[in-house]
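Visitor: I am new to this structure and would like to learn how to read it feature by feature. Could we begin with the overall picture and then move inward?

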Amino acid sequence: MRPAAFLTGITGMVVVVGLLMAGEARLGGGTAGEETMSAEETATAPADAAPKAGERATISDDRAEMIARSVEPMAPPSPASGPAPSDGGAPKPADVAQQAETPAGETASPPAKKAVELARPMVDNAGILSFGERRLQLAGIVPTPVDRICGPAGRQWPCGMMAKTALRLLLRNRSVNCDLETVEWKETVTTACRLGTEDLGSWLAENGWAEAAAGSPLTAAAEKARQAGKGLYGDDPRRN
C-alpha cells in the first residue's frame, strides 16, 4: 500500500506544478502582448495627432508662431510685390506687354498732320486767325498785339493795328490751308498756314509785321526786315 500511496502523491505534485507553470506562462504572454502593442502605438503615433473626422483641429499660439517663422522665407512673393531679389529683376507681365507695344528706344508718335482747307478766316491780329470760337496761331512767329505802339516819342503810330490790317488785306477773305491733326480742334492751336504757296508766318516775318519766335527758322528773315526798316521797324506808313 505504501508504494501506491507514494506514486499517487508524486503524480499529484506533478499535476500541481504543471498547473502553476501553465498559469505563469499565460500571465507572462499577456503582459508581453500588452507591452508589444504599447511600443507599436508609441512608434507610429505622430507628434501632433491628427484630428478625427468631423473634429476641429486646434493649435497653440506658440506652435503657430513657430510654424509661420519656419515657412516665411520660403513663401512666394505676392503679385503686387514685384519680382523676388533672387530672380534678377525679371520684368512683370505688364512690363513685357508694354515693351511689346513700344519698341526699345522709340516713343509713340503723335497723329500725322495734314493740310486742311479753311474758308474765310478772321484776323484777330498779325499772327492769329479765328474760325468762330477756334483759333490758329501761325507757327514760327510771335503774334503782334493789336494795341502795340511803335516809333519814337512824337512820332508814334499804331503799328499793331496796321500789322493786323496788312494781314487782312493779304487774305481778303480767301481760304487758307493749315496743317492740322483734326478739323475738330478746340481753343487755340499753333500750326503753319498758307495762302496758295505763300506761308503766312514767313510773309509776316519778311515784311516786319511780326517778330520771330525763339529758335524759329524765321529769325533770319525777321532780322533782315528789322535792318531794312520794314513794318514794325519803320515809320508810320500813313505818312508816306
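Guide: Let us begin with the surface: the accessible surface of the protein comes to about 17,500 Å², and 57% of it belongs to carbon and sulfur atoms. Please keep in mind that this is a predicted model.

Visitor: How many helices and strands are there in the protein, and what share of its residues is buried?

Guide: The protein has 6 helices and 10 strands, and of its 240 residues, 21% are buried. As for contacts with a separation of 6 or more, 58% of them join residues that lie 24 or more positions apart.

Visitor: How should I read a nonpolar core, and which residues of the largest one touch the most other members?

Guide: In soluble globular proteins, nonpolar side chains tend to be buried together. Here the largest nonpolar core holds 32 residues, and those touching the most other members are Leu-118, Leu-129, Leu-200 and Leu-204. At least two residues of this core come from each of several elements, including β1 (114–118), β3 (128–131), β6 (176–180) and α5 (200–206), while α4 gives the most, with 6 residues.

Visitor: Which residues is Leu-129 in contact with, leaving aside its neighbours within four places in sequence?

Guide: With those neighbours left aside, the contacts of Leu-129 include Met-122, Val-123, Leu-136, Leu-138, Leu-167, Leu-171 and Leu-200, and the two arginines Arg-134 and Arg-135 are also among them.

Visitor: How do I read the open sheet of 4 strands, and what is its order?

Guide: The strands follow the order β2-β3-β4-β7, and their pairing is mixed. Because β2 (122–125) and β7 (188–191) each have a single partner strand, they stand at the edges, and one side of each is left without a neighbour in the sheet. On average, neighbouring strands of this sheet are turned by 30° against each other, with direction ignored. Within the sheet, β4 and β7 pair in the parallel sense over 4 bridges, and Leu-138 has Thr-191 in β7 as its bridge partner. The helix α4 packs on the sheet, where it touches β2 and β3, and its direction makes about 160° with that of β2.

Visitor: Is Thr-191, which has its place in strand β7, buried or exposed?

Guide: Its relative accessibility is 3%, so Thr-191 counts as buried, the cut-off being under 20%. Leaving aside neighbours within four places in sequence, Thr-191 is in contact with Lys-113, Leu-136, Gln-137, Leu-138, Ala-139, Cys-178, Asp-179 and Leu-180.

How values were computed
Residues numbered from 1 in each chain as written. Predicted model: local features only at pLDDT ≥ 70, side-chain atom pairs only at ≥ 80, totals over all residues. Heavy atoms only, no water. Core = buried A, V, L, I, M, F, W, Y, C linked by side-chain atoms within 4.5 Å. Buried < 20%, exposed > 50% of the residue type's maximum accessible area, 1.4 Å probe, protein only. Contact = heavy atoms within 4.5 Å. Pairing = 2+ DSSP bridges. Axes fitted to C-alpha atoms, helices over the stretch in contact; angles between N-to-C directions. Areas by Shrake-Rupley, 256 points an atom, 1.4 Å probe, with all protein chains shown as cover.
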